[in-house]
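Could you walk me through this model in the viewer, one selection at a time? I'd like to know what to pick next and what is there.

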Amino acid sequence: MSIGRIEIPFGAQNLIIETGKLAKQANGAVLVTLGGTSVLVTACMSRKPKEGTDFFPLMVEYQEKTYAAGRIPGGFFKREGRPTEKEILTSRVIDRPIRPLFPEGFFHEVQVVATVLSHDGQNDADILGLIGASAALHISDIPFSRAIGAVRVAMIDGKFVVNPTFEQRETAESDFVVAGHQDGLIMIEGESGIMPEEKVVEGLRLAQEALIPSVKAQDELRKKIGLEKSAVTILETNKALFGKVRELAHARLTKTYEIADKGKREEALSSLLDEFTKDMAIFDACKRDEKETITSGQVRAIFDQVEYEVVRTSVFERGIRADGRGLNEVRKIDCEVGVLPRTHGTGLFTRGQTQSLAVVTLGTRDDEQMVESLEGTSYKKFMLHYNFPSFSVGETKPMRGPGRREIGHGALAGKSFKAVLPSKDDFPYTIRVVSEVLESNGSSSMASVCAGTLSLMDAGVPIKDAVAGISVGLISDANRSVLITDIMGLEDHFGDMDFKVAGTRTGVTAIQLDLKIKQVSVDLLAKAMTMAKEARLMILDKMQAAISAPRPEISDYAPRIIFTQIDPSKIGEVIGPGGKMIKKIIEETGVSSIDIEDDGKVLIASATKESAEKAKSIIEGMTVAPIIGTVYDAVVKKVMNFGAFVEFMPGKEGLVHVSEFSSSYVKDVESVVKVGDKFKVKLVEIDKMGRLNLSKKQAE
């Protein structure tokens, strides 16, 4: 492959796409650079199609090398291990927009690998990886229909900014990653701070405009050095077989899809398919030549195509969906809170045959998640984890750790809450929400958002507003486009779009767009967002009928965290030499932890409020300056021949001289006082050396 290089303006910097120097044995390879961040993206294709598969075997891997940021990996092995959450999420962001752009019936294995080779700590590599994936495929001999561009758009100080740096994104009100081309968008992934729908649409229009230069740059690069596309194997449908299966199945499938219940419908579909494949001889006349063998797999694949036609025709021609709903109708909603007796908060949300049980656990600062990335180390005080067991869809599968789907859905649901979570000062807890998907028939991630809101309110987390989510789908052909609200599983399977929108009554907090077609317009997405808002308001009404606001108190089983503020100059006194004083306070009061921040904020965590308040009182007492003339309660710590040392404030000791015990003469101190005695004392003097002199007789 020839060496090629394109450089274009991209936000505040220039984007450089280079090829022909690195990884020359790949079908396509590019190095994409922005500032000091460089990503090598390669695309490879198998020579033959993968046997026995009925889906396109695309694999996308995004990898961050720690050397890119000048660091050595932590841990024992000192090398990169399994993918991080950021790597998995970015792999999905790259996969989703390129997948629809391969031809139908193309079953060659394709692998795209994006490797971060250099990272400047300012420019995120995810956008570069996405542009690089498109460019590597576009200039290669792999059949890929057209180049796509990608851009990040964030709202900062009320204005949209294209390709913001990490520093700028820290104060951003929204953060959208958008992929597409001149004719429409293909993928969106983003979060926002309760942004009105019309403002989100404005950001999407700007994003489409901003990504076009990167598409044109790839087209220019292909004209210069692009390879001719390979004549690969495309699996074509046997038309005679399709006609026969359609003849036998169409009418019966139409009737079967009048069954609203998912389980009963799937049972009927399975029986119908088994009937067709039981006697394969009925399809012998469909052979294209004597050597061809008609297999049950071919019949099953065509049966799926006829299902596709039946489901979509019903929507187009009758405006009726497989479960009998209208186009904008949301399935039956049920909401419950306080479902489990010993957890800190629970919410059960059921929408049709999709059900999520969300459970909240409140923890201390020690429970925060440490995240190591190329940008540095950070800590998360809010986590949302999504579990999708096989029983939720009535299947039997091995129980493994979370896969890419679970991590992706959990991340989307988690983004939905970012704008409504309380600040660390208002609610100093680490919060973990776990969504257990107990039933699934479409959009379980949005059900997780709804269940998550219920559980957070039940746990007494003072969220600023309730959040709900819904998915809008699309059924389209060359001449028609129909939007449908609250898609179920088969509409996701047979439809063209899954557009998830989460938000409050006043605005959007997170969106995600996935397509099976080559693009949709921003105008169509604007209509979909209006439909999503109408459904969201109805769902919020149902949720708030179950619980209208966060509970005033957290669960009795949750830890108690209270805080106080001390003078930063007093931090050393509270901690003590080698932590001696703070350990003593923990031991005496029974609190679980005491954390002191550099600004003097003290967080005290305990199983009971009483012990936390006791520790708070001690710490505040230690940091308050003693006042001459004030009477204090004291306890004797040490007796000497000239007097006794007493502790009269937490961590503060002073001397009661032998002459200050009584108005009468005291010859022997030990005759009037012993260690452990308690009495009142008055602070009478703080001498030049800072010593505290006290009097018992003046306090009486």
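Start with helices α6 and α7, which are oblique to each other. This is a predicted model, so keep that in mind as you click along. Select residues 262-278 for α6 and residues 296-318 for α7: the two pack at an angle of about 135 degrees, and their axes are 10 Å apart. That angle falls in none of the parallel, antiparallel or perpendicular ranges, since roughly antiparallel would need over 145 degrees and roughly perpendicular 65 to 115. The crossing here is right-handed. To see the contact, show side chains for L269, L272, L273, D274, F276 and T277 on α6, then S296, V299, R300, F303 and E307 on α7. Colour these by class and you get 6 nonpolar, 2 polar and 3 charged residues.

Next, move to α8 (residues 404-415) and α9 (residues 444-458). Their axes are 9 Å apart and meet at an angle of about 45 degrees, so this pair is oblique too. As α8 passes α9, the crossing is right-handed. On the α8 side pick R405, H409, L412 and A413; on the α9 side pick S444, S445, M446, S448 and V449. The contact of α8 with α9 divides into 4 nonpolar, 4 polar and 1 charged.

For a third pair, select α2 (residues 125-139) and α4 (residues 197-225). Here the packing angle is about 30 degrees and the axes lie 9 Å apart, which makes α2 roughly parallel to α4. The crossing of α2 past α4 is right-handed. I131, S134, A135, H138 and I139 of α2 make the contact with S214, Q218, D219, L221, R222 and I225 of α4. By class, the residues of this contact are 5 nonpolar, 4 polar and 2 charged.

Now for the interior. Which residues of the largest nonpolar core touch the most other members? They are V110, V112, F349 and M497, in a core of 131 residues. Centre the view on V110 and, setting aside its neighbours within four places in sequence, look for its contacts with C44, M45, F56, P57, L58, M59, F102, L137 and I142. Another core lies apart from this one; its 23 residues include L269, I294, V299 and A322. You have already met L269 and V299, in the contact of α6 with α7.

Two aspartates deserve a look at their backbone. Most residues other than glycine have a negative phi. D157, however, has a positive phi of about 55 degrees, and D486 has a positive phi near 60 degrees. Find D157 in the loop between β7 (149-156) and β8 (159-162), and D486 in the loop between β19 (481-485) and α10 (489-494). Is each one buried or exposed? D157 counts as exposed, at 69% relative accessibility, whereas D486 is buried, with a relative accessible area of 0%.

Finish at T630, in the loop between α14 (609-623) and β25 (631-640). At 26% relative accessibility, T630 counts as partly exposed. Beyond its neighbours within four places in sequence, T630 is in contact with V681, K682 and L683. For a last distance label, join the C-alpha atoms of T630 and S435: these residues are 195 residues apart along the chain, and the separation is 56 Å.

Technical notes. Residues are numbered from 1 along each chain as its sequence is written. This is a predicted model: local features need pLDDT of at least 70, side-chain atom pairs count only at pLDDT 80 or more; totals for chains, interfaces and linings use all residues. Side-chain values use heavy atoms; hydrogens and water are left out. Axes are lines fitted to C-alpha atoms, for helices over the stretch in contact, and angles run from 0 to 180 degrees between N-to-C directions. Helices (H or I, at least four residues) and strands (E, at least two) are DSSP runs, numbered from the N terminus. Angles under 35 degrees count as roughly parallel, over 145 as roughly antiparallel, 65 to 115 as roughly perpendicular and the rest as oblique. A crossing is left-handed if the near helix is turned anticlockwise from the far one by less than a right angle, and right-handed if clockwise. Contact means heavy atoms within 4.5 Å. Ala, Val, Leu, Ile, Met, Phe, Trp, Tyr, Cys and Pro count as nonpolar, Asp, Glu, Lys and Arg as charged, and the others, Gly among them, as polar. A nonpolar core is a set of buried Ala, Val, Leu, Ile, Met, Phe, Trp, Tyr and Cys residues joined through side-chain atoms within 4.5 Å. Buried means under 20% relative accessible area, exposed over 50%, partly exposed in between (1.4 Å probe, protein chains only).
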